[in-house]
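Colleague: Got a minute to walk me through this model? I'd like the plain version.

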Amino acid sequence: MIERILPAEAVAEEGFGSAAASAGAFLHPEEAAVVARAVPKRKEEFAAVRVCARTALGRLGLPPVPLVPNRRGAPQWPAGVVGSMTHCDGYRAAVVARSGALASVGIDAEPNGPLPDGVLDVVSLPGERARIRSLTALRPDVHWDRLLFSAKESVFKTWYPLTGQELDFEEAELEFDPDAGAFSARLLVPGPVVGGVRLDGFAGRWTVGSGFVLSAIALPAVAATAGDGSPAASVTRSAASPA
């Protein structure tokens, strides 16, 4: 399901249903140490999404390697690779690509249900909340508040490897296109520089199905150019909570 919102340069692997208790057997020692004191469910999810990631890396022709999270919790990918992982109850996925093709990638999956009370006010801006109300009236089959949260997670997962800095929820403003299955994220702080171009936003895609909302951003390694040949401020050709 995730592959339909990603470009051809990205390799995706996903799984549905509960993570098998045996998934932990596939952890490298360095990974097992990270979750040694975690509850069984956390260990199973941690391991299962890494099975997806190693399968995707194998499809790039790379050997299985430990994927240990950094201090922020983001997975540390092999040299020359960018990637993103996501998991929620009943779903897990990993996406990888060669860094020569994509500068960064961020994916996120969430259950297609409403956010807990009070969360939307924390993760959104007033304009976003107004647009969510309109979108809900138009497409009540999509929980737009949850999709907004997912897309902001994808924005952060794309941003963080490029900057090494935090990005608060209110530092990016999102708009959704319900017909095209796309969204745009306007950065409200100085953006990263990719291919010599400072970006002022990201473009992404979203989909809904099987009880989940998915979002993805795949940032080309070479920034897009505007119609007059000058560098574009935001990358528009596009499809990452750390796992």
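Modeller: Sure, here is a tour of the fold, one helix, the cores, the empty spaces and a few single residues.

Colleague: What should I know before reading anything into it?

Modeller: This is a predicted model, so local features need pLDDT of at least 70 and side-chain atom pairs count only at pLDDT 80 or more, while totals for chains, interfaces and linings use all residues. Residues are numbered from 1 along each chain as its sequence is written, and side-chain values use heavy atoms, with hydrogens and water left out.

Colleague: Okay. How many helices and strands are there in the chain?

Modeller: The protein chain has 5 helices and 10 strands. Those are DSSP runs, numbered from the N terminus: helices are H or I with at least four residues, strands are E with at least two.

Colleague: And what percentage of the residues count as buried?

Modeller: Of the 243 residues, 50% count as buried. Buried means under 20% relative accessible area, exposed means over 50%, and partly exposed is in between, with a 1.4 Å probe and protein chains only. The accessible surface comes to about 10,700 Å², and 54% of that belongs to carbon and sulfur atoms. Those areas come from the Shrake-Rupley method with a 1.4 Å probe; for residues, only the protein chains shown count as cover.

Colleague: Tell me about α5. How far does it reach from its first C-alpha to its last?

Modeller: Helix α5 covers residues 144-163, 20 residues in total, and spans 28 Å, close to the expected 28 Å. The expected span is 1.5 Å times one less than the number of residues.

Colleague: Why call it largely enclosed?

Modeller: Because 17 of the 20 residues of α5 are buried. W159 sits in that helix and counts as buried at 2% relative accessibility. W159 is also 7.8 Å from S104, C-alpha to C-alpha, with their positions 55 residues apart in sequence.

Colleague: What comes just after α5?

Modeller: G164, with a positive phi of about 65°. Q165 lies in the loop between α5 and β5 and is partly exposed, at 47% relative accessible area. The C-alpha atoms of Q165 and R72 are 9.7 Å apart, although the two are 93 residues apart along the chain.

Colleague: And the loop in front of the helix?

Modeller: H143 is in the loop between α4 and α5, partly exposed at 26% relative accessibility.

Colleague: Switching topic: which residues have the most contacts inside the largest nonpolar core?

Modeller: W144, V155, L174, F176, F183 and F202, in a core of 27 residues. A nonpolar core here is a set of buried Ala, Val, Leu, Ile, Met, Phe, Trp, Tyr and Cys residues joined through side-chain atoms within 4.5 Å.

Colleague: Which element gives the largest share of that core?

Modeller: α5, with 8 residues. Another core, of 20 residues, lies apart from it, and includes A10, A93, L102 and L214.

Colleague: Any holes? What is the volume of the largest cavity?

Modeller: About 40 Å³. It's lined by E128, R131, I132, L135, L174, E175 and F176. α4 gives the largest share of that lining, 4 residues, and by class the lining has 4 nonpolar, no polar and 3 charged residues.

Colleague: How do you define all that?

Modeller: On a 1 Å grid over the protein atoms alone, a cavity is a set of points where a 1.4 Å probe fits but cannot get out; a pocket is an open set with protein on both sides within 12 Å along at least five of seven lines; lining residues have an atom within 4 Å of a point. Points are joined across faces, edges and corners, and the volume is the space filled by probe spheres set on them. Ala, Val, Leu, Ile, Met, Phe, Trp, Tyr, Cys and Pro count as nonpolar, Asp, Glu, Lys and Arg as charged, and the others, Gly among them, as polar.

Colleague: What about the second largest pocket, which residues are closest to its centre?

Modeller: E153, F156, L167, D168 and F169, out of 11 that line it. The volume of that second largest pocket is about 150 Å³, and α5 supplies the largest share of its lining, 4 residues.

Colleague: Last one: where is S210 found, and is it buried or exposed?

Modeller: S210 is in the loop between β9 and β10, and it's exposed, with a relative accessible area of 59%. Its phi is near 55°, a positive value in a residue other than glycine. Most residues other than glycine have a negative phi.
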